[in-house]
Structure formats: C-alpha cells, structure tokens
Amino acid sequence: MTRRFFLPAILFFAAALSFAEEITFSAETMSGRAGSKEDTTKLSGNARVQTETIEIRADSIELSGKEFRYVGASGNIKGSYKESNLEFECSELQYDRESKIVSLSGDVKLVDVDNEVTAGAQMIEYNSNTDIAVLQIEVKLQQKKNVCTSAYAIYRKKEQMLELNGSAKVVQDDDSFAAQSITFNMDTEEITMDGNVHGSVTDDGTKGKKEEPQDKEQGGEAAKPEGEEKSGADAGKEAAE
C-alpha cells in the first residue's frame, strides 16, 4: 500500500548520486510518497530548493523524475546561480538538474552581477554549462549607458556578446542604432548591424553651442565696419546737404 504524507515545516535532505550533487529542500507543507524519489513531491508555502548549482525560492515547488531530476516552481519565484553569479525573478520556472538548463517565464528579470547587466523578457532559457541565455518577447537588456531592445536575443555571458534580432535597437545616451539584427560587443561597444540599418548620432562638440550671427552676403549689402571711409557718392551727398 502506498502511503502519502503531509508534513508541516519539513526540511528534507536527499543525495542525488547520478547528478553528482546533493539537493536540499524545505517548505511549510509537503506532499508525496514516503521514501520514494520516482514520483512527484510537492512543496507549498515558502518553498525552497537548493543544489550545488542553483537555489530556488517560490510559493510552490514540484520535484519529479528519478532522483528529483526535474524542478518546477510557480508564484513569486526568486533564485540564483552560484557559479555564474546570476540572480533571477519570474512567475514560472522549469529546471532540469541533469542538463543544467532552466526555463523562466512571466516578466522575467535576469541579473548578471559580475558584468552589471540586467535583462528582461517574457521568456528566458539559460544553460549554466555554456553560460548562454536565450531571451524571447519584449527583450530589454541594460548595461552601463547601453540600452538594448529586440524581439529575440542571445546573450553570451563569457564572451560578453549580445545578438539582437527583430526590431533590434541599441541606445547609448543620445545616440541610437537600429536594424533588423545587431551584434553588440559589450566590452568594446563595437556594433555590427544588418538589414534596414538606420540611426542617429549626436556630436558632443555642438551641444549647448550658440550660433554666431553672420554678415549679410546674399540678398543685401554687407554691413560697413564703424569708422570706415565713406564712398565718394556718399560723401558728395552729405556735402550737398
């Protein structure tokens, strides 16, 4: 007979030998099969899961698969990747402990603490083995003075390279660059653009500079400097008066 259980404020430790790491979890309530790691275990209320790679906190977390390979979470999700020094927030999460790939959805915020990069999108998939994040829908990435937007993007953390596709745009202070696709080196700020390229650049040397008045050269006589000798015609006219 299978026995199901509900335990308050439980803290449980399980060694996941096939993934060469330990998983720990805690919650206010837990439901699942006693002594089994083959079926689904649900954590509710201040739920928390931690491995050597990732930490996840949420309203609800579900563990499933052999040795709890799969982790699903929902509601007020916050977490971090330790080795990559990434922090994230989202509404829904799916994590595969074997592939080390996490899928985040619902107003996702991803922060690369080391490089001072903040990324937002409706969906982000991150692979900690490759340090590559794929961002989709309403993509916005900020780094120092750079604001990058697009429909789809690939962020390569190690190389600090960003590939933007679909209404891609990079804004740097008063300068802006737009194209169908943009490749942006976030270290050197080198930009490569392709497809319907356009942009605007402001010359810092002209900011706040007042335009000097110019002498009339067209449509009228130039003004005479003060004290200049009058022409003969002008002198004769003056003498007659």
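# A guided tour from a buried salt bridge

Begin by selecting Asp112 and Lys157, whose side chains meet in a salt bridge with an N to O distance of 2.7 Å. Asp112 belongs to strand β7, whereas Lys157 sits in the loop between β10 (146–156) and β11, so this pair ties together parts that are 45 residues apart in sequence. Both residues are buried. Please keep in mind that the model on the screen is predicted.

Keep Lys157 selected and add Asp114. These two residues also form a salt bridge, and their closest N and O atoms are 3.9 Å apart. The link again joins distant parts of the chain: Lys157 is in the loop between β10 and β11, Asp114 is in the loop between β7 and β8, and 43 residues separate them. Is Lys157 buried or exposed? Its relative accessible area is 10%, and because buried means under 20%, Lys157 counts as buried.

**The serine beside this site**

Now select Ser84, which is placed in the loop between β5 (70–81) and β6. Which residues does Ser84 contact, leaving aside its neighbours within four places in sequence? They are Asp114, Tyr126, Ser128, Asp131 and Lys157. Two of these names, Asp114 and Lys157, are already known from the salt bridge just visited. Display the side chains of Ser84 and Asp131 as well, since a polar contact of 3.1 Å joins them. Ser84 has a relative accessibility of 6%, so it counts as buried.

**The strands β6, β7 and β8**

Next, show the backbone of residues 86–96 and 101–112, which are strands β6 and β7. The two strands run antiparallel and are joined by nine bridges. To find one facing pair, select Asp96, which stands opposite Ile101 in β7. The strands form a hairpin with four residues between them, and in the turn Lys100 has a positive phi of about 65°.

Continue along the chain to strand β8, residues 117–127. How many bridges pair β7 with β8? There are ten, and the pairing is antiparallel. Select Ile101 once more: its bridge partner in β8 is Asn127. Ile101 therefore serves as a useful landmark, with Asp96 opposite it and Asn127 as its partner in β8. The hairpin of β7 and β8 also has four residues between its strands, and Glu116 there takes a positive phi near 55°. While the strands are in view, note a general point: in a regular strand the side chains alternate between the two faces of the sheet.

**The nonpolar core**

From β6, select Leu93. Together with Ile61, Leu93 has the most contacts inside the largest nonpolar core, which has 46 residues. Not counting residues up to four places away in sequence, Leu93 touches Ile56, Val71, Gly72, Ala73, Ile77, Phe88, Val102, Ser103 and Leu104. Displaying these residues around Leu93 gives a view of its surroundings.

**The hairpin of β3 and β4**

Move to residues 41–50 and 54–64, the antiparallel strands β3 and β4, which are joined by eight bridges. These strands form a hairpin with three residues between them. Within this pair, Thr41 stands opposite Leu63 in β4.

Now select Glu55 and Arg57. Their side chains meet in a salt bridge of 3.5 Å, N to O. Glu55 has a relative accessible area of 16% and is buried, whereas Arg57, at 35% relative accessibility, counts as partly exposed. In general, side chains of opposite charge can pair when their charged atoms come close. The structure holds seven salt bridges.

**A stop on strand β11**

Select Asn165, which lies in strand β11, residues 161–172. Its relative accessible area of 31% makes Asn165 partly exposed. Add Ser181 to the selection: the two residues are 16 apart along the chain, and 4.4 Å separates their C-alpha atoms. Apart from residues up to four places away in sequence, Asn165 touches Ser150, Ala151, Tyr152, Gln180 and Ser181.

**The whole chain**

Finally, clear the selection and view the entire chain. The secondary structure comes to one helix and 14 strands. Of the 241 residues, 39% are buried. Among contacts with a separation of 6 or more, 33% involve residues 24 or more positions apart. The accessible surface comes to about 14600 Å², and 46% of it belongs to carbon and sulfur atoms.

Key: Residues numbered from 1 in each chain as written. Predicted model: local features only at pLDDT ≥ 70, side-chain atom pairs only at ≥ 80, totals over all residues. Heavy atoms only, no water. Pairing = 2+ DSSP bridges. Buried < 20%, exposed > 50% of the residue type's maximum accessible area, 1.4 Å probe, protein only. Polar contact = N/O pair within 3.5 Å; in protein donor to acceptor, adjacent residues only side chain to side chain. Contact = heavy atoms within 4.5 Å. Areas by Shrake-Rupley, 256 points an atom, 1.4 Å probe, with all protein chains shown as cover. Core = buried A, V, L, I, M, F, W, Y, C linked by side-chain atoms within 4.5 Å. Salt bridge = Lys/Arg side-chain N within 4 Å of Asp/Glu carboxyl O.
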